[in-house]
Amino acid sequence: MAIISDNIIICDNGHVQPLTNKICEICGANIKTNKSNIKLNRNIKNLFIGLGETGVNILDKFQVNNVSDVDNSYLFLDTSNKITDVNLENRSEINSQILFRKLGKLSKGSARNWKKAETEAINDRYLNDYLLEAGINQSELVLLLSSLGGGTGCGVGPILFNNISRINVNANKTAFIVLPSEKEAEQLHFNAFCAFSRFIKFQNKKCADLIFVVDNTYLNKYNHVDVNGKPLQSNELLRLLLNSLSQPKYSNKTTIDFLSILNSCSSNGILHFVPCVALNHSLRIYENLEAILESATIRPMANIDLDSVVASFIILQIPNSMRDRFTQNQVLKEYAIWKDNNLPRELISEIDIRYSDVASDKIDVFAMLGGADVSKILYRAKQGYNVVSRSISSGIGVDDERANFISRGELTQIEENVINYTDNLSSIRERVKNN
């Protein structure tokens, strides 16, 4: 049990109730108000939000490995009742900033209808209370993890960012999104295209500050193994990627700092990045850093056109035993060779070299490539969008509920957002070059 505000309370199963209730109206659990047991928010630097089933699963993998971090707060949200069935394993007793909350009144979620999920989020009067309970008013960064196939991530994600901007205008908002596999139904790809557009711009305002795009087709296409040679499942790979982004060069804490990317890229209008990963690559096999970087670029996490990349943010994790072999000057020299062969139009770059105490000759590379051709990344999503939008425009298969109906005007705005962003990318290259 925890009090969110002066008027509402959360029962032990995560259901919001009026403060005066003694029994939860949803699950029947007794509610005992004991203010001596209420834990106050700590000083929060980063707020992680797992949204929808996929977002919850990814964040759960990450959070379990970072449960002791005092700078982080974790908020798990879904429109389905499944969120209240998650095995908390006494996490709330370990860390008061791990919160599982259900949005809206739908028992089975949004059924892949993002407009229905959006309506639930808009009508949920406790949404901002959840954010405040998680420490949004203190946060410097919000990292949202979500799939863009279902309705919850697509419909609720932009609403969350919009509300967050109203509460804390200074918080940096980063979306870590997963596109559906290419063989998934057209509806899921329609959802993905709509959501990407709405993360670019929502209610005529910039929505996300950064968008990391991962495609399930490419996530499952390549085999990655851990340091012991064990195959990595997709969620585990995403956790490692998040970990790499969570360890800034000059910090011993697990605390995300995207300021380097934000300052140089977002300010120029470059919002989206595609990760490329090479794990546990041995010099005995690859011989030099250029070859390892090359290996990363042939393992992208989405369909990326390297010729159109404008910006790169490279994280190198190198064993201390190889520090003399990979000095900063040597790294820059080998990086320049790789860049010339792989990123001919790249104009903004930053390399973060991290030396570790691991007894190995194996190197990890996490390359975030930004500003690449959106039409390639969203090719399958656009196909699905075209099919479903035509049905909506013709009135075929339209949801009869007026509140959940996607209008032609909304579809037009969705298309214009992507077109304008794509057109702007071509001008960014010239503008950055002049600067």
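Contact is taken here to mean heavy atoms within 4.5 Å. The structure described is a predicted model. The mean pLDDT of the protein is 81, and 78% of its residues reach 70 or more. Among the elements, the lowest mean pLDDT, 44, belongs to helix α2 (residues 91-94), whereas the highest, 96, belongs to helix α13 (residues 374-377). Two stretches have pLDDT below 50. In residues 1-6, where the pLDDT is below 50, the model shows 22 contacts beyond near neighbours in sequence. In residues 87-96, where the pLDDT is likewise below 50, there are 16 such contacts.

The protein comprises 15 helices and 15 strands. Of its 435 residues, 55% count as buried. Among contacts between residues at least 6 apart in sequence, 78% join residues at least 24 apart. About 19,500 Å² of the protein is exposed, and carbon and sulfur atoms supply 45% of this area.

An open sheet of 10 strands, with mixed pairing, follows the order β6-β5-β4-β7-β8-β11-β12-β15-β13-β14. Strands β6 and β14 (348-356) stand at the edges with a single partner strand each, so one side of each is left without a neighbour in the sheet. From one strand to the next, the twist averages 20 degrees.

Towards the β6 edge, the pairing can be followed through strand β5. Strand β4 (residues 46-51) pairs with β5 in the parallel sense over 6 bridges, and G50 stands opposite F76 in β5. Strand β6 (residues 98-102) also pairs with β5 in the parallel sense, over 5 bridges, with I98 in β6 as the bridge partner of Y74. Strand β5 itself (residues 72-78) is largely enclosed by the rest of the structure, because 7 of its 7 residues are buried. In a regular strand, side chains alternate between the two faces of the sheet. In β5, N72, Y74, F76 and D78 point one way, while S73, L75 and L77 point the other way, and all are buried.

Elsewhere in the sheet, strands β12 (residues 272-282) and β15 (residues 362-370) run antiparallel and are joined by 8 bridges. Within this pair, F366 in β15 is the bridge partner of V277. Helix α5 (residues 151-167) packs on the sheet and touches β4, β5, β7 (141-147) and β8 (172-179). The direction of α5 makes about 170 degrees with that of β7. Helix α11 (residues 289-297) lies across β12, β13 (311-319) and β15, and runs at about 130 degrees to β12.

Residue A367 lies in strand β15. With a relative accessibility of 1%, A367 counts as buried, because the cut-off for burial is under 20%. Leaving aside residues up to four places away in sequence, A367 touches V274, P275, C276, F313 and I314. The C-alpha atoms of A367 and V277 are separated by 6.3 Å, although these residues are 90 residues apart along the chain.

The loop between α11 and β13 contains D307. At 43% relative accessibility, D307 counts as partly exposed, since this value falls between the limits of 20% for buried and 50% for exposed. D307 touches P344 and R345, not counting residues up to four places away in sequence. D307 and R345 are 38 residues apart in sequence, and their C-alpha atoms are 6.3 Å apart in space.

Among the helices, α6 (residues 186-200) was examined for its length and its burial. At 1.5 Å a residue, its 15 residues should span 21 Å, which agrees with the 22 Å between its end C-alpha atoms. Of the 15 residues of α6, 13 are buried, so this helix is largely enclosed by the rest of the structure. Helix α14 (residues 379-394) contains S389. S389 has a relative accessibility of 6% and therefore counts as buried. Not counting residues up to four places away in sequence, S389 touches F190, R408 and L411.

Technical notes. Residues numbered from 1 in each chain as written. Predicted model: local features only at pLDDT ≥ 70, side-chain atom pairs only at ≥ 80, totals over all residues. Heavy atoms only, no water. pLDDT = per-residue confidence, 0-100. Helix = DSSP H or I, 4+ residues; strand = E, 2+ residues; numbered from the N terminus. Buried < 20%, exposed > 50% of the residue type's maximum accessible area, 1.4 Å probe, protein only. Areas by Shrake-Rupley, 256 points an atom, 1.4 Å probe, with all protein chains shown as cover. Expected span 1.5 Å × (residues − 1). Pairing = 2+ DSSP bridges. Axes fitted to C-alpha atoms, helices over the stretch in contact; angles between N-to-C directions.
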